[in-house]
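Student: Hey, I've got this one open on my screen. Help me find my way around?
Tutor: Sure, take a look at it and we'll pick a residue to start from.

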Amino acid sequence: MTKRISKHCVFIHQFTNEEIVEIVKNPYNYTEDEINELFAYFRWGDKVKSAFDNTTKVYKMKYDIRPKYKCSNTQFEFSVITNTIFHRTKLKYNTILLALREYYHGEKRIPALTQTLNCSQDTVRRFLSRLSNIEASIPQEEKKNFISFCRYIFNFKIEKYVIT
């Protein structure tokens, strides 16, 4: 059971480009918490916002596996991947980051990604499908560097596609 541990503004570490490059080089050297901070930075910037109501206060929750937050208006719990293309995935955050890196650098072959990510072909196929569904909508300026690419991916509105 999750319990409230902090109230109101949940601030996010402000990463430098050098820190991001270091994490992306080898995501398995970092914990889920550290990569969660990076994903939160990509998604929200400096302060966590509710996935359900941008105007409400957010509480950080105690957790077992993934960091969670709670919206004070709706009382819904959410994580950094709620309502993103990674919603309902059970992949570890460092695997998601590695997959994003490989995809950004042009690796879109299922067998190669299956081996690199150490997961099933079905998982890779679903991941590639989600990314390729939005790839055409990514503006060219967002494709210029990995950080902009990730920010766009994490802020893409999920309502446009049905995620299975």
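Student: Is Glu 135 buried or exposed?
Tutor: In between: Glu 135 is partly exposed, because its relative accessible area is 24%. Buried means under 20%, exposed means over 50%, and partly exposed sits in between, with a 1.4 Å probe and protein chains only. Keep in mind that this is a predicted model, where local features need pLDDT of at least 70, side-chain atom pairs count only at 80 or more, and totals for chains, interfaces and linings use all residues. Residue numbers start from 1 along each chain as its sequence is written, and side-chain values use heavy atoms, with hydrogens and water left out.

Student: Okay, so which side chain meets Glu 135 in a salt bridge?
Tutor: That's Lys 108, at 3.1 Å from N to O. A salt bridge here is a side-chain nitrogen of Lys or Arg within 4 Å of a carboxyl oxygen of Asp or Glu. Lys 108 is in the loop between α3 and α4 while Glu 135 is in helix α5, so this pair ties together parts that are 27 residues apart in sequence. Helices (H or I, at least four residues) and strands (E, at least two) are DSSP runs, numbered from the N terminus.

Student: And how exposed is Lys 108?
Tutor: Lys 108 is partly exposed, with a relative accessible area of 39%.

Student: How many salt bridges does the structure hold?
Tutor: 6. Besides the Lys 108 pair, Arg 101 and Glu 102 meet in one at 2.9 Å, N to O, and both of those residues are buried. There's also a network of salt bridges linking Asp 122, Arg 125 and Arg 126.

Student: What does Lys 68 form a salt bridge with?
Tutor: With Glu 77, where the closest N and O atoms are 3.8 Å apart. Lys 68 counts as partly exposed because its relative accessibility is 33%, and Glu 77 counts as partly exposed too, because its value is 34%.

Student: New topic: strands. Which residues are on the covered face of β3?
Tutor: Tyr 69 and Cys 71 are on the covered face of β3 (residues 68-71), while Lys 68 and Lys 70 are on the uncovered one.

Student: How many bridges join β2 to β3?
Tutor: There are 4, and β2 (residues 58-61) runs antiparallel to β3. Two strands pair if DSSP finds at least two bridges between them. A hairpin of 6 residues connects β2 and β3, and Tyr 59 stands opposite Lys 70.

Student: What about β3 and β4?
Tutor: Those two are antiparallel as well, joined by 2 bridges. Tyr 69 of β3 faces Phe 78 in β4. Their hairpin has 5 residues between the strands, and in it Gln 75 takes a positive phi near 65°.

Student: Back to helices. Which residues are buried in α4?
Tutor: In α4 (residues 110-117) you'll find Ala 112, Leu 113, Thr 114 and Leu 117 buried.

Student: What do those buried residues pack against?
Tutor: Against α3 and α5 (121-135). Just after α4 comes Asn 118, with a positive phi of about 55°.

Student: Last one: is Ser 148 buried or exposed?
Tutor: Ser 148 counts as buried, because its relative accessibility is 18%. You'll find Ser 148 in helix α6 (residues 146-154). Leaving aside neighbours within four places in sequence, Ser 148 is in contact (heavy atoms within 4.5 Å) with Glu 141 and Glu 142.
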